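Work through the exercises below with the coordinates open. Try each task before reading its solution.

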Amino acid sequence: MHVINCDSHTPSTRCAGLRFLLLFNRQGKLRLQKWFVPTSDRERKKVIRDMIMLVLPRQPRTCNFLRWKDLKIVYKRYASLYFCAGLEEQDNELLALEVLHRYVELLDKYFGNVCELDIIFNFEKAYFILDEFLMGGEVLETSKFAVNVSMEQADTLQEHHPYG
Amino acid sequence: MSPSVPLQEMIRAIRSARTQCEERGVIQRECAAIRAQFRQTDNGGRSHNLAKLLYVHMLGYPAHFGQMECVRMIASPRYSEKRVGYLGAMMLLDEKQDASLLITNSIKNDLSHSNQYVQSLALCTLACMGSAEMCRDLAPEIDRLLRSSNSYIKKKAALCAVHIVRKVHDLGELFVPSARSLLSEKNHGVLHGAVVLITELCERSPETLERFRKTVPDLVQIMKGLVISGYSPDHDVAGVSDPFLQVRILRLLRILGRNNEAASDAMNDLLAQVATNTDSTKTVGNAVLYETVLTVLDIKSESGLRVLAVNILGRFLLNNDRNIRYIAMTSLQKIVSTDHNAVQRHRGTIVDCLKDQDASVKRRALELSLALVSASNIRSMMKELLIFLSSCPPELRAQAASGIFNAAERYAPSKRWHIDTILHVLTTAGGDVRDETVPNLIQLITNTSELHCYTVHKLYRALFTDISQQPLVQVACWCIGEYGDLLLKGECQETEAVQVTEDDVLDALEIVLQSHMSTPTTRGFALTATMKLSTRITDNVDRIRSIVSIYGSCIDVELQQRAVEYNALFKKYDHMRAAVLERMPVIQKNSLGQTNGELSEEPMKESQPGKVKQEETALPPQPAGQVVDLLDLLGGSQEPLQPGSSVGGSASTQLTAAPSSAGGDLLDLLGGFEPTPLAPAPTVTVYEKNGVTLTLSCEQQSESGLTVTLTASNSTDSDISGFTLQAAVPKSVQLQMRAPSRDSLPAHGGAKLTQLVVLNNPNKVNLKMRIRVSYTCQGSVVQDMVQVDSFPGL
């Protein structure tokens, strides 16, 4: 077995894009985690802990932007879920809020009045939708309709033509 | 579309667990079942099992045993299995895992699959966790897909290429042609991906950036289309057409226009158009405006456009939305040094934001306010900052305090204001100030001789208000020790005088000494202050004597040492006590904080006219060989000690030095010594007395570097032991003494002692050196000093 020669993590030279997207509820239970840069299990756990500790105590009408280490953190609460994203230094925070909002809209359209339970019981779908919207930390598709159409078609494929 | 029933059942079971322990039990059982299922051959429920495992993983439980299952699922021909398999790969595998290599082949195959959704899975996974090796391997395939006719694939390939370029920078070159051609796409998803890719390529390589500058007109066209187009249901967000694409294009324009006049010109009109036409009532419009402002401020924009941008930020500052205010301040912070006046116009609003409820906004406002302090607004700004300090959140106090100190130091309109401000900060946030605040403040107070009385009164009163703020207490003790006599006089011009007795003052210091809130450092200050008072008061010297002797057996070693030495000062060296404990002279800024082995050189200024003897030590007399003895200060290198008189009062060799100047000259006190002048020679004798001779030779090593060799010999009949040399040089010269060859000089010149001194004189000042010679001969200690004003060979 040969040794895998991996490049070292180079998050510091990355100039744009989300580093991670987390969804968690008020009890600190994680509902979705998407990592856009290679992150070890231990680092992930640490980030999740830190984010939960940073975001949960925030008062209702405070700023949605925080600084944490070398990242900008953007979070927004939708009903019982916090959507929390880590951005690079150069990224546009206001646009990140729009990204979070768009994702919620996509979930809402797909599940029909989405709530936390939908995301719990259908977490794979939440990931699939996310993967039609974002890729590598960047926006992949800017049209709401296009994302929904892709999801429908992929689901149909899964149902009726399992062999592709 | 039917959900996975087994998965949902498991989730329900987990959620109905009432305790953590119960949950763990459920999960253990499930995991065991899943593991068993994995070991079986293909059954219909494989994707369900993996999905269950992924859910369990998200709850925080280990799931590494599912990695190989992911690999198997990805290789499956069934789409449902591939879908979950790839999801699992993205969740459980990263490039560090061995298993990730195993999926490279599947990805490669799936990239050319006939179904775009399968291709899409491969692209997505590659962009998520593709290692450098995988990227190198598959880059050509991605480039091929960039030229596909399928928009769905093209947009995914574009972002996959972005990932590849981020992982392996060199591969960027490969994608340049395709990226260029993608700009003519109509599909927004593809266009967006293209813009992101081009941005990434330009960020990585300046040559590529040059080539892509030609695309500025195309980008401008696309933006224009978005801004003035009518409502497009596909991409509209609250009246803004595809804000995601707009922001990305603006960002690319920023990179292309930076440092380039032509490109900046080409985008000028467009930026103005976006800035004026974008609806700013909703966040989405502001997101675009924000990006526009960032671009305008970063490229070589014309001044009108710049003013427009700063005004947008000014409007943002007044926006009800906290996020917008926060953003505005972050941006203003970036330009406060380049567009200072423009930002100053909004100072009022910024200062108001100091009172905002939100901690993030407060922090930004503080940083910006500190950057906006200037000589003209210092008084009003300081008022606001001090108000802020008294009510600011604890995490900001250190920053606020140090910012206030910096501002006060730079723009203080008067010394009294400066001292008052520092005292105010010490009373409000004494626990959060940096260590050097205390010596800095002491220096400031010393140098403001006209306010000594005022300062000591203020500090005396402050001591009684709050004895817990250590920096304040330390400075107060120091002042009481130094200027206690002014306190006792009972009169003061600047402020209401206190009527205190000597006992009151000593009581105050004793309270500090005994308080459990005082740190050892503070106690040290208090003890020394008490000691100093022994020369400033008349009646209670005995009380001081007893305080000092009590601390001679204190557990704290530092205090004990001080007390013992002060005791010695009372007993054995009482004749020196008055001189030792006299008023401190003015301290120069960089003289504080000396390092061992180097004697400091500070020009001595007379703080009190008429005072001839300036023999002070801040610490009790130290045995020979210790440093930080103020007696070793070199008279001003650049400036003469006495007006008119030259520095070289004593030792001078070839140069015709002025004869020793009149009394008051430091050098005279040390007994200037005229050595025998020699004809110019490489080695020169700088000291010869009582049979001990010291010669000096030097060698230029470099532009500013110089080595000096000192050689000592003993021509007497008795041996000399404990021979040490110490040297001091002018302020800007750096000095390093090497270890001497020996420390004894046998009689009759039996052996010579040499010591190397390495000097660095970057400012090429007139080099002088003062050398202190110290040795023991026939049981008695001899100390002497010699000054060298010119160096042979220089």
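Four exercises follow, all on a predicted model.

**Exercise 1. Find the strand order of the open sheet in chain A, its edges and the helix lying across it.**

Step 1. Trace the pairing. The 5 strands run in the order β2-β1-β5-β4-β3 (chain A), with antiparallel pairing.

Step 2. Mark the edges. β2 (30–35) and β3 (65–68) of chain A each pair on one side only.

Step 3. Take the twist. Neighbouring strands are turned by 20° against each other on average, direction ignored.

Step 4. Check one pair. Strand β1 (residues 18–25) of chain A is joined to β2(A) by 5 bridges. L21(A) has K34(A) as its bridge partner in β2(A).

Step 5. Add the helix. α2 (residues 93–111) of chain A lies across β1, β2, β3, β4 and β5 of chain A. Its direction is at about 40° to β4(A).

**Exercise 2. Classify the packing of α22(B) and α23(B): roughly parallel or roughly antiparallel?**

Step 1. Get the geometry. Helix α22 (residues 359–372) and helix α23 (residues 378–391) of chain B pack at an angle of about 150°, with axes 11 Å apart.

Step 2. Apply the cut-off. Angles over 145 degrees count as roughly antiparallel. The two helices α22(B) and α23(B) are therefore roughly antiparallel.

Step 3. Add the hand. Their crossing is left-handed.

Step 4. List the contacts. From α22(B) come K362(B), L366(B), S369(B), L370(B) and L372(B); from α23(B), M381(B), L385(B) and F388(B).

**Exercise 3. Describe the open sheet of chain B, then the hairpin of β9(B) and β10(B).**

Step 1. Order the sheet. Its 5 strands read β3-β4-β5-β8-β7 (chain B), paired antiparallel.

Step 2. Find the free sides. β3 (683–689) and β7 (734–737) of chain B have a single partner strand each, so one side of each lacks a neighbour in the sheet.

Step 3. Inspect an inner pair. β4 (residues 692–700) and β5 (residues 705–714) of chain B share 9 bridges. S697(B) is opposite T709(B).

Step 4. Turn to the hairpin. Strands β9 (residues 769–777) and β10 (residues 780–788) of chain B run antiparallel, joined by 9 bridges. C777(B) is bridged to S780(B).

Step 5. Read the turn. There are 2 residues between the strands, and Q778(B) has a positive phi of about 50°.

**Exercise 4. Which residues have the most contacts inside the largest nonpolar core?**

Step 1. Rank the contacts. This core has 279 residues, and F24(A), Y103(A) and I142(B) have the most contacts inside it.

Step 2. Expand one. Y103(A) touches residues including L21(A), F83(A), Y127(A) and F133(A).

Step 3. Look beyond it. Another core, of 32 residues, lies apart from the largest one; among its members are V684(B), L696(B), I720(B) and Y775(B).

How values were computed: Residues numbered from 1 in each chain as written. Chains lettered and ligands numbered in written order. Predicted model: local features only at pLDDT ≥ 70, side-chain atom pairs only at ≥ 80, totals over all residues. Heavy atoms only, no water. Pairing = 2+ DSSP bridges. Helix = DSSP H or I, 4+ residues; strand = E, 2+ residues; numbered from the N terminus. Core = buried A, V, L, I, M, F, W, Y, C linked by side-chain atoms within 4.5 Å. Buried < 20%, exposed > 50% of the residue type's maximum accessible area, 1.4 Å probe, protein only. Contact = heavy atoms within 4.5 Å. Axes fitted to C-alpha atoms, helices over the stretch in contact; angles between N-to-C directions. Parallel < 35°, antiparallel > 145°, perpendicular 65-115°, else oblique. Left-handed = near helix turned anticlockwise from the far one by under 90°. Lists of a residue's contacts leave out its neighbours within four places in sequence.
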